[in-house]
Amino acid sequence: MNHMIATFFGIGHMRPAPGTWGSLAALPVAWAIIQLTGFWGLALATVLVFWAGYRATKVETRGAANHDPSEIVIDEVAGQWIALMPVAYGAGMMGVDVLRLWPGWIAAFVLFRLFDIWKPGPIGWADRRNDAMGVMLDDVVAGIFAAIATIALAALAHGFLM
């Protein structure tokens, strides 16, 4: 079961770029969670995925030389869901279908992948921890960066920064 969680039910074995596949797979699952439970359901699911991902990653990497094997993508799922939180919140606040905010979905995805690959500042620090918490934390921080940038782009698009 730990392997299934860590690889997000095998998505992490897809090549090339398993992290991107994991982030893509997170999108329809996030949509379903938002449809069923709204923003708060996505927030709770993110906490649960983080906790389960940390535990599964800890087991999967115990004694391994590589602290962050590419097939572990549950961290990308957690980070991608964090990046989507402003979109889910905005849709709920405005009472519109979350897919009407499709530019936000694209921005959250692209920005999350950018920050996850680039690893500036605290994202890189978390990644260099070389443990299961670091595996999860670098994507959490990348998700937070992407969420903030998504909010900024939405504000710009809606004229709030003019």
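A nonpolar patch on the surface opens this presentation. In this predicted model, Met1, Met4 and Phe9 together make a nonpolar surface patch of about 380 Å². Of these residues, Met4 sits in helix H1, which covers residues 2-6. How accessible is Met4? Its relative accessible area is 37%, so Met4 is classed as partly exposed.

Let us turn to the open spaces in the model. Rolling a probe the size of a water molecule over the atoms reveals where empty space is left. The largest pocket holds about 550 Å³ of space. Which residues lie nearest the centre of the largest pocket? They are Gly90, Leu101, Ala154, Ala155 and His158, out of 19 residues that line this pocket. At least two lining residues come from each of three helices: H3 (74-94), H4 (102-118) and H6 (132-157). As for the chemical character of this lining, 14 of its residues are nonpolar, four are polar and one is charged.

The second largest pocket contains about 170 Å³ of space. Its lining consists of 16 residues, and nearest the centre we find Gly19, Asp68, Ser70, Glu76 and Asp116. Four helices, namely H2 (18-61), H3, H4 and H6, each contribute at least two residues to the lining of the second largest pocket. Which helix gives the most to this lining? It is H4, with three residues. The classes here are five nonpolar, two polar and nine charged residues. Please set the two linings side by side: one charged residue in the largest pocket, and nine in the second largest.

I mentioned Asp116 as one of the residues nearest the centre of the second largest pocket, and Asp116 leads us to the salt bridges. How many salt bridges are counted in the model? The count comes to four. In one of them, Lys119 pairs with Asp116, and the closest N and O atoms are 3.2 Å apart. Is Asp116 buried or exposed? With a relative accessibility of 6%, Asp116 counts as buried, because the limit for that class is under 20%. Lys119, by contrast, has a relative accessible area of 23% and is therefore partly exposed.

Lys119 has a further partner. Asp138 also forms a salt bridge with Lys119, with 2.7 Å between the closest N and O atoms. Why does this pair deserve attention? Asp138 belongs to helix H6, whereas Lys119 lies in the loop between H4 and helix H5 (122-127), so the salt bridge ties together parts that are 19 residues apart in sequence. Asp138 has a relative accessibility of 1% and is therefore counted as buried.

Another salt bridge joins the side chains of Arg129 and Asp131, at 2.9 Å from N to O. Both residues are partly exposed: Arg129 has a relative accessible area of 35%, and Asp131 has a relative accessibility of 27%. Elsewhere, salt bridges with shared partners connect Arg113, Asp116, Lys119 and Asp138 into one network.

Finally, let us consider a residue of helix H2. Leu44 lies in this helix. Its relative accessible area is 52%, and Leu44 is therefore classed as exposed, the limit being over 50%. What distance separates the C-alpha atoms of Leu44 and Phe145? These atoms are separated by 19 Å, and the two residues are 101 residues apart along the chain.

Technical notes: Residues are numbered from 1 along each chain as its sequence is written. This is a predicted model: local features need pLDDT of at least 70, side-chain atom pairs count only at pLDDT 80 or more; totals for chains, interfaces and linings use all residues. Side-chain values use heavy atoms; hydrogens and water are left out. Patches are made of residues with over 30% relative accessible area and no salt bridge: like charges are joined within 9 Å, nonpolar side chains (Val, Leu, Ile, Met, Phe, Trp, Tyr) within 5 Å. Accessible areas come from the Shrake-Rupley method with a 1.4 Å probe; for residues, only the protein chains shown count as cover. Buried means under 20% relative accessible area, exposed over 50%, partly exposed in between (1.4 Å probe, protein chains only). On a 1 Å grid over the protein atoms alone, a cavity is a set of points where a 1.4 Å probe fits but cannot get out, and a pocket is an open set with protein on both sides within 12 Å along at least five of seven lines; lining residues have an atom within 4 Å of a point. Grid points are joined across faces, edges and corners, and a volume is the space filled by probe spheres set on the points. Ala, Val, Leu, Ile, Met, Phe, Trp, Tyr, Cys and Pro count as nonpolar, Asp, Glu, Lys and Arg as charged, and the others, Gly among them, as polar.
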